[in-house]
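Trainee: Could you take one part of this structure and go through it slowly with me, beginning with whatever term I need before I look? I would like to see how that part sits in its surroundings.

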Amino acid sequence: MILETAAERRALLDRSHTVAMVGASANVTRPSYFVFSFLRTRGKLDVTPINPKLSEIDGVRAFPSLAAYAAERGAPDIVDVFRRPDNAPQVARDAVAAGAKAIWFQYGVINDDAIRIADAAGLDVVVDRCIKVESARFDGGLALGGMNTGVLTAKRRAR
Amino acid sequence: MFDSTEHAAELFALRTYGNIYSRIGNPTVSAFEEKLASLEGGLGAVATASGLSAQLIALLTVAESGDHLVASANLYGGTITQFSVTMRRMGIETTFVPGGDVEAIGKAIRANTRAVFTETIGNPNGNIADLTAIAEVAHAAGVPLLVDNTFATPYLCRPIEFGADVVIHSATKFIGGHGTVIGGAIVESGHFDWRAGRHPLISTPSPGYHGMNFAETFSEYAFLMRARVELLRDVGAALSPMNAWLLVQGLETLALRMPAHVANAQAVATFLHGRDEVAWVSYAGLPDSPERERAARYLPRGAGAVFTFGLRGGREAGRAFIEALELWSHLANVGDAKSLVIHPASTTHQQLTEDELRAAGIGADTVRLSVGLEDVDDLIWDLERGLAAAARAAAVQV
């Protein structure tokens with residue numbers, strides 16, 4: 001199912017524990033490093049880099065493939081994708097094979113075939129969104145940046 | 001305090017969210033920012049020390065030396081000077097287009113044009129921009145439309161709904177509402193594609209953050225993030241948290257004050273329109289205004305509360321009129337709870353050249369009113385005294 005609303009994305013993040021990040025980078029100026037570092041230091045989700053060229057990032061062991069991750073750790077709750085759109089269908093097939101419950105295509109990773117493959121296999125699918133931004137939308141992080149979270153409530157924000 | 005040295009480093013590198021330093025962001029200021037962004041239907045906001053600094057930061061987020069802007073000629077005098085003197089000195093050229101001529105705006109766009117700029121309701125004459133049409137010509141050329149919505153506020157008009165990409169406010173005016181606070185804000189729609197290549201300042205690696213690419217990293221938030229963490233950080237024109245708190249108090253009564261402002265403005269414009277001492281009234285809410293149709297489309301709840309009129313007898317009659325008033329305050333601000341009057345050609349728009357004044361539609365006889373919240377009968381009683389003084393001055397001249 002393609003998750004279109006912020007509420008659906010929030011529910012996905014709330015029920016998930018593990019994230020396998022395909023294309024995580026150790027280059028500190030890359031968006032994938034930003035997101036990896038955010039998730040690792042925030043600590044609510046257990047994030048693992050999937051990158052055959054790296055053995056670890058900031059002390060977190062990297063796996064060469066989703067298959068290698070699944071063989072040792074089991075199925076990831078979310079496969080987070082930082083790859084060129086052309087490579088996204090293969091990542092989607094790998095995510096399905098690894099038993100992932102959801103696949104998250106980051107900003108600009110838009111490929112109709114990849115979406116169809118994951119959706120047809122019953123995965124929850126998020127497209128052209130950032131898992132860091134959506135994580136921050138409901139815990140006050142985004143609001144501290146002056147962003148309109150769309151959350152209208154008189155209650156104190158959860159932290 | 002920062003949780004740890006690692007947490008502090010993550011904050012400064014923009015990799016996590018949180019409070020870094022109040023010049024870049026502050027929890028009280030962010031409460032104001034999110035409320036205003038929500039009211040405008042925007043993606044987010046960056047608050048600034050004033051309306052002029054909001055403009056500067058918004059424009060420097062998209063333009064640098066060698067770039068070009070297209071702007072309406074019917075703007076606040078301080079804005080025209082900011083563009084034509086200060087920004088020009090910084091190497092950013094502006095083409096001003098008079099009379100809200102949409103076709104001319106389209107023709108003025110060049111390969112290096114980074115933005116089109118207009119005011120929803122022009123200062124001082126209250127003319128209404130044809131937002132949808134301007135947005136269409138800007139977008140056809142791949143250029144964003146920046147709209148100063150100070151005179152309308154989101155209560156009267158939400159420019160994003162008509163195609164604006166960035167909305168700018170002098171919150172000093174109706175948002176604060178009492179002439180007691182100075183502040184500004186930039187709101188972005190989230191609809192403009194900053195990744196398309198027209199804005200290399202946003203879509204190429206930034207030396208300000210070790211080569212980070214804002215468009216790639218923050219996508220739809222790229223404009224707001226660059227405005228905040230590069231321009232607000234470096235220009236330093238941050239909104240004071242105390243002022244942000246006062247502006248939030250203003251927002252809480254905006255929906256009560258704006259209908260009262262426009263009802264009084266409509267009554268005052270109608271009164272002046274019917275007087276022999278008055279040569280002309282430029283208020284889009286009047287039935288015979290050439291702006292009437294645009295006002296109905298973009299400002300169905302009222303054409304604002306700031307407008308101009310001219311007295312028979314020109315500048316001398318205007319001087320006598322202003323000096324005879326007792327309730328109307330002779331002041332340069334607008335959007336105050338109290339009613340204000342001024343002669344733009346010698347004050348708010350004094351730095352403009354003769355040509356710029358003509359393009360802005362400001363004559364020697366032009367008087368600007370900002371209609372406040374007082375009992376309208378008292379306001380009209382005072383205006384009658386002013387008109388009597390103006391008539392005496394006009395008679396002496398003859």
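Mentor: Let us begin with the term: a residue is called buried if 20 or more other C-beta atoms lie within 10 Å of its own, and exposed if 12 or fewer do. Keep in mind throughout that this is a predicted model.

The part to look at is strand β1 of chain A, which covers residues 18–22. Of its five residues, four are buried, and therefore β1(A) is largely enclosed by the rest of the structure. To see what lies beside this strand, follow the sheet in chain A, an open one in which five strands are arranged in the order β2-β1-β5-β6-β7 with parallel pairing. In that order β1(A) stands between β2(A) and β5(A), while the edges are held by β2, residues 46–50, and β7, residues 124–127, each of which pairs on one side only. On average, and with direction ignored, neighbouring strands of the sheet are turned by 20° against each other.

Now take the two neighbours in turn. Towards β2(A), the strand β1(A) runs parallel and is joined by five bridges; within this pairing, A:T18 has A:D46 as its bridge partner, and A:M21 stands opposite A:P49. The path of the chain from β1(A) to β2(A) passes through α2(A), and this β-α-β crossover is right-handed. On the other side, β1(A) pairs with β5(A), residues 78–81, again in the parallel sense, over four bridges. Here A:M21 appears once more, with A:D80 in β5(A) as its bridge partner, so that you can find A:M21 placed between A:P49 of β2(A) and A:D80 of β5(A).

Further along the sheet, helix α5 of chain A, residues 112–120, lies across β6 (102–105) and β7, and runs at about 160° to β7(A).

With the strand in place, step back to the chain that holds it. Chain A has seven helices and seven strands, and read from the N terminus its elements run α-β-α-β-β-β-α-β-α-β-α-β-α-α. Its radius of gyration is 15 Å, close to the 15 Å that the globule rule gives for 159 residues, so chain A is as compact as a globular protein of that length. The C-alpha atoms of chain A fill a box of roughly 45 × 35 × 25 Å along the principal axes, and 48% of its 159 residues count as buried. If you consider the contacts in chain A between residues at least 6 apart in sequence, 55% of them join residues at least 24 apart.

The helix of the crossover also leads us to the other chain. The contact between the chains takes 20 residues from chain A and 29 residues from chain B. On the side of chain A that touches chain B, α2 (31–42), α6 (131–137) and α7 (141–144) each supply at least two residues, and the largest share, six residues, comes from α2(A). Sorted by class, this side of chain A has 11 nonpolar, eight polar and one charged residues. The helix α2(A) thus has two places in the picture, as the link from β1(A) to β2(A) and as the source of the largest share of that side.

Chain B, finally, has 16 helices and 14 strands, and 55% of its 398 residues are buried.

Conventions
Residues numbered from 1 in each chain as written. Chains lettered and ligands numbered in written order. Predicted model: local features only at pLDDT ≥ 70, side-chain atom pairs only at ≥ 80, totals over all residues. Pairing = 2+ DSSP bridges. Axes fitted to C-alpha atoms, helices over the stretch in contact; angles between N-to-C directions. Contact = placed C-beta atoms within 7 Å. Nonpolar A, V, L, I, M, F, W, Y, C, P; charged D, E, K, R; others polar. Right-handed = clockwise from strand over helix to strand, strands pointing away. Rg over C-alpha atoms; globule rule 2.2 N^0.38 Å.
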